[in-house]
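Visitor: Hi! Could you walk me through the empty space and the packing in this one?
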Amino acid sequence: MGTIAPSGSTSVRPSYGRLRRRLLLTVVVLVVVAALAVAGLVFLRGDDAVPDAAGPAAVLPEVGAPGPVLAALSDAAPAPDPDALTALLTPLLAAPALGGGVSAEVVDVADGRTLFAQGADDPVTPASTAKLLTAAAALTTLDPEDTLETRVVAGAGPGEVVLVGGGDPTLSTTAPSLTYPGAPTVADLAAQVRAALPAGTAVTRVVVDGSLFEGPLTAEGWGPEDAPSTYAAPVTATAVDGARTRPGEDPRSGSPGTDAGRALAAALGAPGATVELGEAPDGAAALGSVRSAPVARLVEQALSQSDNLLAESLSRHVALARDLPASFDGAAQAVPEALEEAGLDVADVELHDGSGLSRLDLVTPAVLTGLVTGAADGSLEGTSAVLSGLAVAGYDGTLADRGDTDPATAPGAVRAKTGTLLGVHGLAGTVVTADGRLLAYALVANGTSGGGGPEEAALDAAAAALAACGCS
């Protein structure tokens, strides 16, 4: 056994166990050092490293050019036979869940022929399929690359700043936004304001200027339960996170403007500042500004997620561009006028909002298919974002958990804008048939009485049948 040195001695006679442990530790260290040396040599040599002469040289396989992720549509793909399509769809649209009142149209995009029609020219309550009209109007009226600006200017006195809403509800309290990719952030805006204010300025008051929008905060035809709710809020020119009470979640606020003011106050390090609605002083000095994602991207987000507040904001920007009031009435006039100028027949369209939440809105299936066809064949110039904004069945947006489960159906074949109100269910979009033919379709059921699931399943079945159709 080893001995312990006298007190104060600096030498200790190691035991056999200690010697053994030290020897093992030394071996481990040497192995690690050797491994690191080899790794470092390989790293330093990089692509010029020469394989060990004792080992075989690596042989890389030949790699060809990557193929397309989505195959192009064939010009030779046969169109469905109208009689065969009628025989296919008629019983599906007569499903009891749909109440026997489905208005529908299917159009061949390549040549514009109507392949199936059932009440296609009858005005119906469109629900959120009406967002297609707002989207196309925004893309044909505004520059798709335009952005929406939110500003902060100096207030009437020291310590006061004014948040001036530009009708962009995507302004985010998180970085990045949990809902709107590419959205501007309150943090960025606040950083600009702090840099612009005189050193040592304490912000004591935040005024929120939402005067860009005017008129009632909710539309005729909205129910009292619609705003605030999980899907809608009072329409204001200033909001954060799509007027959500918590970023990335569904519940909306009843006071989007003051919520935005409080968010700015907190980002400025003044959570106790007074927040109130008001207007910016004339000629107020600019303190900061941020801009939204491009209009085309906002259109995609409004369609895919069926975002009511974003759709309402876009419709009011259409009104402003046409020198009409940025109100529900102004937007309801501006959107059909813009579409008529773009070449669509909107004689039977009646709108009361830009989102389709109003039960008084009226649109025909023929208008919906005409709009989608025009976006797909290019005749409705500049509206390609309508197609890229359609939800993809079984993949994203409001169709993420809906669609055809048949593995024989090509992924992405069914795309649509959904529409849902109490007693109203709709789908309008595009579908690629099993033969590779692109169709535009609109299916709208008014007067349903179920809880939503059976109606959606019945419409999904009809869309899936179109996708599986070898009906030439």
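Guide: Happy to; here come pockets, cavities and cores. This is a predicted model, where local features need pLDDT of at least 70 and side-chain atom pairs count only at pLDDT 80 or more, while totals for chains, interfaces and linings use all residues. Residues are numbered from 1 along each chain as its sequence is written, and side-chain values use heavy atoms, leaving out hydrogens and water.

Visitor: How much space lies in the largest pocket?
Guide: About 770 Å³. On a 1 Å grid over the protein atoms alone, a pocket is an open set of points with protein on both sides within 12 Å along at least five of seven lines, a cavity is a set where a 1.4 Å probe fits but cannot get out, and lining residues have an atom within 4 Å of a point. Volume is the space filled by probe spheres set on points joined across faces, edges and corners.

Visitor: Which residues lie nearest its centre?
Guide: Tyr 231, Gln 305, Ser 306, Asn 308 and Thr 398, out of 31 lining residues.

Visitor: And which strand gives the largest share of that lining?
Guide: Strand 9 (residues 414-421), with five residues. Strands (E, at least two residues) and helices (H or I, at least four) are DSSP runs, numbered from the N terminus.

Visitor: Switching to cavities, how many are 30 Å³ or more?
Guide: Two. The second largest has about 30 Å³ of space, and its lining includes Lys 131, Val 299 and Leu 314.

Visitor: Which helices each supply at least two residues there?
Guide: Helix 3 (131-141), helix 6 (295-304) and helix 7 (308-321).

Visitor: Last one: what does Leu 132 touch?
Guide: Counting contacts as heavy atoms within 4.5 Å, Leu 132 touches residues including Leu 303, Leu 368 and Lys 417, with residues up to four places away in sequence not counted.
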